[in-house]
Amino acid sequence: MSFYVYMLKSKSVKKITYVGYTKDLKKRINLHNSGKGAKFTRGRKWILIYKEKFKSKKEAIFREYYIKNNRSLRKKIKEKNL
C-alpha cells in the first residue's frame with residue numbers, strides 16, 4: 001500500500017499552505033474542499049501543489065513532519081508552483 005505526503009495551497013489566500021499525508025490523495029483533497037478535512041482547512045478551497053509517494057506510513061509521517069517544520073522548503077515548493 002502506498003502513502004502520499006502532499007501540500008495544498010489556498011485558492012483565495014495565496015500564502016496559506018497545508019501539509020498532510022494520506023493513503024487516498026484524491027479522496028483526501030475532496031474532503032478538504034468539502035469542509036470535512038482537517039480543522040485548519042475548513043472554509044477554504046484548496047489546490048494540490050506538491051505530492052510525494054512512499055511505501056510505508058512511517059516514511060510518510062516522517063516526511064510530513066520534516067516538510068511542516070522546514071519553512072524554507074515549504075517556501076521553495078510554494079514559489080515553484082505560483
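In the predicted model, arginine 74 is found in helix α3, which spans residues 71–80. With a relative accessibility of 10%, arginine 74 counts as buried, because the cut-off for burial is under 20% relative accessible area. When neighbours within four places in sequence are left aside, the contacts of arginine 74 comprise Met7, Thr17, Tyr18, Val19, Ile67 and Lys68. One of these residues, tyrosine 18, is separated from arginine 74 by 56 residues in sequence, whereas the C-alpha atoms of the two residues are 9.5 Å apart in space.

Helix α3 is preceded by a loop that connects it to α2 (57–69), and asparagine 70 is found in this loop. Asparagine 70 also counts as buried, with a relative accessibility of 16%. A polar atom of the side chain of asparagine 70 lies 3.0 Å from the backbone nitrogen of leucine 73.

The chain as a whole has three helices and three strands, and from the N terminus on these elements run in the order β-β-α-β-α-α. The radius of gyration of the chain is 12 Å, close to the 12 Å that the globule rule gives for 82 residues, so the chain is as compact as a globular protein of that length. Along the principal axes, the C-alpha atoms fill a box of roughly 35 × 30 × 20 Å. Of the 82 residues, 38% count as buried, and the chain exposes about 5700 Å², of which carbon and sulfur atoms supply 53%. Among the contacts with a sequence separation of 6 or more, 54% are accounted for by residues 24 or more positions apart. As to charge, the chain has 26 positive and 5 negative side chains, with the centres of the two sets lying 7 Å apart.

Glutamate 52 lies in strand β3, which covers residues 46–54. The side chain of glutamate 52 makes a polar contact, at 2.7 Å, with the side chain of arginine 63. Beyond its neighbours within four places in sequence, glutamate 52 is in contact with Phe3, Tyr4, Val5, Arg63 and Ile67; Ile67 likewise appears among the contacts of arginine 74.

Serine 56 is found in the loop between β3 and α2. Its relative accessibility of 26% places serine 56 in the partly exposed class. Serine 56 and tyrosine 4 are 52 residues apart in sequence, and their C-alpha atoms are 9.3 Å apart in space. Tyrosine 4 is also one of the residues in contact with glutamate 52.

Phenylalanine 40 lies in the loop between α1 (25–34) and β3. At 44% relative accessibility, phenylalanine 40 counts as partly exposed, because this class takes in values between 20% and 50%. Leaving aside neighbours within four places in sequence, phenylalanine 40 is in contact with Ile16, Thr17, Tyr18 and Trp46; Thr17 and Tyr18 are also listed among the residues in contact with arginine 74. By contrast with these contacts, phenylalanine 40 and lysine 58, which are 18 residues apart in sequence, are 23 Å apart in space from C-alpha to C-alpha.

Conventions: Residues numbered from 1 in each chain as written. Predicted model: local features only at pLDDT ≥ 70, side-chain atom pairs only at ≥ 80, totals over all residues. Heavy atoms only, no water. Helix = DSSP H or I, 4+ residues; strand = E, 2+ residues; numbered from the N terminus. Rg over C-alpha atoms; globule rule 2.2 N^0.38 Å. Buried < 20%, exposed > 50% of the residue type's maximum accessible area, 1.4 Å probe, protein only. Contact = heavy atoms within 4.5 Å. Areas by Shrake-Rupley, 256 points an atom, 1.4 Å probe, with all protein chains shown as cover. Lys, Arg positive; Asp, Glu negative; His and termini not counted. Charge placed at Lys NZ, Arg CZ, Asp CG, Glu CD. Polar contact = N/O pair within 3.5 Å; in protein donor to acceptor, adjacent residues only side chain to side chain.
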